[in-house]
Amino acid sequence: MVITNGIAPISAPSTIGTPKISTLPQIADPLPYVSLKTGLCYDVRMRYHAKIVTNAYDYTDPHPEDPRRVYRIYKALAEAGLVDMKGASGAQHIGGKLMQHIPAREATKDEVTLVHEIKHWDFIERTASMTQDELVEETDNGDSVYFNNESWFCAKLSCGGVIDTCKAVVRGDVKNAIAVVRPPGHHAEPYKPAGFCMFNNVAVASRVILKEFPEQVKKILILDWDIHHGNGTQRAFYNDPNVLYISLHRYDNGKFYPGGTFGNYDKVGEGPGEGRNVNIPWPCGGMGDGDYIYAFQKTVMPIAEEFGPDLVILSSGFDAAPGDELGECFVSPAAYGHMTHMLKSLAHGKLAVVLEGGYNLDSIATSALGVTKVLIGDAPIPLTNIYARPEAVQTVDKVSRMQARFWKCMKIGHMIHDLPEAPAVERLQDIIRRYQASQLFAHFNMTKLPIFRDRISKSFEDQVLCTPGFQSAKTVVVIVHDPPDVWTEPDPVTGQISLHETFVMDAEIKYIQWAHQKGYGVVDINAPAIFTDQEDEGYNVQAALQDLCLYVWDNYLDLSDARNFVFVGVGEACGGHVYLLGHREVRERVRAAIAFAGAKTVFPIVPIMDEFITDWYYKNSLVLTSSNHPMWEQSNGGKNPRKKYGNVQKTEYETMNELLIGKYSDVIAFAEEDIEESSSEEEDAGPDRKRLKNEGSSDEGWVDGVIPTSAEIM
């Protein structure tokens, strides 16, 4: 080394042992999905479709499918800063940093007739040239749908807007999109408009996508959370294996619009489309966040993930939101956001949201805003109501059992095979009832009460038991109850149960013991549960139970010497004795009506024979509900039940057996007090006298202590 002026020269650093630094290739767009905007289809011209005003009432109470629906949603998006808005109409400029405008255009005849018959197209086209009188006539004759001269144009614009919204998502022009369009579409059948709908926007768009993008989109999921069943969409794809239709809707045993059984859980598709139709039919109103999230987690998402769609189209009605007078449910913007967030996990995020129903202007605005924020990328708002109601759990379980025939994810924990054809196959409830009968005979000498009827379900043959000589007892306790609860731990994989780990919880026997100890007569009526095969045959347990209760009253109880009757109902069977109280003259002899409703239906009394029966029922009844009964939810307004439901009381108990045992002392005290008051009144009135028979009834053949023969009764 050469040293100059005492300073050593700086040498190049040694590269020995030093790792090489590689140059990484530059990625133009590392997160292409995130960098895309959310699409928005909105066109002010869709407001031109409106109901023709024929009277002042149309001004004071506008039609639910109000032209302002789409504008209120657009206005909410603009006020939240999600879109730029110049002018209230939104006609000038739509878009911004977060959202991209998707222009609406008129759908063509070739597109629409992929779903609808040509005569359907021709009819909607003719409305553009009809006179006002003709339009009003077509409105009056239609299926919940109205027309004006702009309906034809707006229907095409709405449908075309949805088609291009789906195309934009499939092409990758936007990451996802929302189409704020009207008129809605999911009720429109292939052959007619219905339910505020002209063309089935989602169905037409799905057909167009499958036709024009055969390589990119082979399977489509249509998720419909409008409160009304999308009958038109279901019919359009009922035999199509490439489209999975899932609907969560209010059903009310086929009485909620559009009505009928097409929206029930057993409608699963047909032919090659069998298993591609999933209906989740809510049995009543009042469903909320916990119910919908439960259905999504238990059924919707597992089936959707197994199906593996290439595109998800959401028929997004907001009539399940609070404040909607048609839906009467309580799904919050937070819940809509959470469900949207789950759907974004499917099809690589290719999700198109399409407006359907929703008729409270404030509710649809806040709900659509919640959905749109999640589409853009915001996190869902935390839920406050996370618990599912019993009705929701039961409905989802029925759906899961039905769909277990078609989806592996639904098979776990469910027995999916048909019952084998063997003489040993029998319903467990009938076996349990025979055991009950043997025990009641052994302890209280109770025997079967003859029921002579031309029409009766086989399950009712051995369901009425009585103590000997009950017809001559001064007081008779009539217990009308559901089959006892069965507690078990089913196998988590097969759904089968171990008899060794299965227990019958029969708390009703405590009340029979009480009546026996007091020397009262007892009539015990068991009400078998409803089964699918019986429903298919038109069998209705509640109607059959009502008939049975009337029969027992007319042919036994009313002809007896009893001065005091105490009715005790348990579960859904309460409907039987409440029906009887309203359809016969009972006030002079029934001292107490007790209903253990639990979490089941609270039945109102219907005054048929006695106009004062409602007040009497309220004063002489005790209706006990569980702590989690839906009638006590804040969403129901927190009001006390009306008098026709009786003296309803909320208890701290959740299960029926807890209720029967926990309220035993209170119920017995209530019944005995009424019986004692009746006895005191009779003593004050003088000597006992035989009760006069009802006009038209006969004493012939009746002997104290002896049950009449069938010939004597008939």
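Two strands count as paired if DSSP finds at least two bridges between them. All views below show a predicted model.

**View 1. An open sheet of eight strands with parallel pairing.** The strands of this sheet follow the order 2-1-3-8-7-4-5-6. Strand 2 (99–101) and strand 6 (277–282) are the edge strands, and each of them pairs on one side only. From one strand to the next, the twist averages 15°. Strand 5 (residues 243–250) and strand 6 run parallel and are joined by six bridges. One residue to look for is S247, whose bridge partner in strand 6 is N279.

**View 2. An open sheet of eight strands with mixed pairing.** Here the order of the strands is 9-10-14-11-15-16-17-18. Strand 9 (447–448) and strand 18 (648–650) stand at the edges; each has a single partner strand, so one side of each is left without a neighbour in the sheet. In general, the strands of a sheet pair through backbone hydrogen bonds, either parallel or antiparallel.

**View 3. Strand 17, strand 18 and the helix that packs on the sheet.** Strand 17 (residues 621–625) and strand 18 run parallel, with three bridges between them. Within strand 18, K650 stands opposite T625. Helix 20 (residues 613–620) packs on this sheet and touches strand 16 (590–598) as well as strand 17. The direction of helix 20 makes about 65° with that of strand 17.

**View 4. The contact of helix 5 with helix 7.** Two packed helices are described by the angle between their axes and the distance between the axes. For helix 5 (residues 118–126) and helix 7 (residues 151–171), the axes come within 7 Å and cross at roughly 130°. The two helices, helix 5 and helix 7, are therefore oblique to each other. On helix 5 the contact is made by W121, I124 and E125, and on helix 7 by W152, A155 and K156. Sorted by class, the residues of this contact are four nonpolar, no polar and two charged.

**View 5. The largest cavity and its lining.** The count comes to one cavity of 30 Å³ or more. The volume of the largest cavity is about 40 Å³. Its lining is made up of C574, V578, A595, A597, T601, V602, F603, Y617, V623 and Y645. At least two lining residues come from helix 19 (574–583), and at least two from strand 16. Nine residues of the lining are nonpolar, one is polar and none is charged.

**View 6. Backbone details in the loop between strand 3 and helix 8.** Most residues other than glycine have a negative phi, and most peptide bonds are trans. The peptide bond from R182 to P183 is cis, with omega near 0°. P183 has its place in the loop between strand 3 (176–179) and helix 8 (201–212). F196 is also found in the loop between strand 3 and helix 8. The phi of F196 is positive, near 75°, and this residue is not a glycine.

**View 7. A cis peptide bond in the loop between strand 5 and strand 6.** The peptide bond joining Y257 and P258 is cis, and its omega is about 10°. The loop that holds P258 lies between strand 5 and strand 6. Strand 5 and strand 6 also appear in View 1, where six bridges join them.

Key:
Residues are numbered from 1 along each chain as its sequence is written. This is a predicted model: local features need pLDDT of at least 70, side-chain atom pairs count only at pLDDT 80 or more; totals for chains, interfaces and linings use all residues. Side-chain values use heavy atoms; hydrogens and water are left out. Helices (H or I, at least four residues) and strands (E, at least two) are DSSP runs, numbered from the N terminus. Contact means heavy atoms within 4.5 Å. Axes are lines fitted to C-alpha atoms, for helices over the stretch in contact, and angles run from 0 to 180 degrees between N-to-C directions. Angles under 35 degrees count as roughly parallel, over 145 as roughly antiparallel, 65 to 115 as roughly perpendicular and the rest as oblique. Ala, Val, Leu, Ile, Met, Phe, Trp, Tyr, Cys and Pro count as nonpolar, Asp, Glu, Lys and Arg as charged, and the others, Gly among them, as polar. On a 1 Å grid over the protein atoms alone, a cavity is a set of points where a 1.4 Å probe fits but cannot get out, and a pocket is an open set with protein on both sides within 12 Å along at least five of seven lines; lining residues have an atom within 4 Å of a point. Grid points are joined across faces, edges and corners, and a volume is the space filled by probe spheres set on the points.
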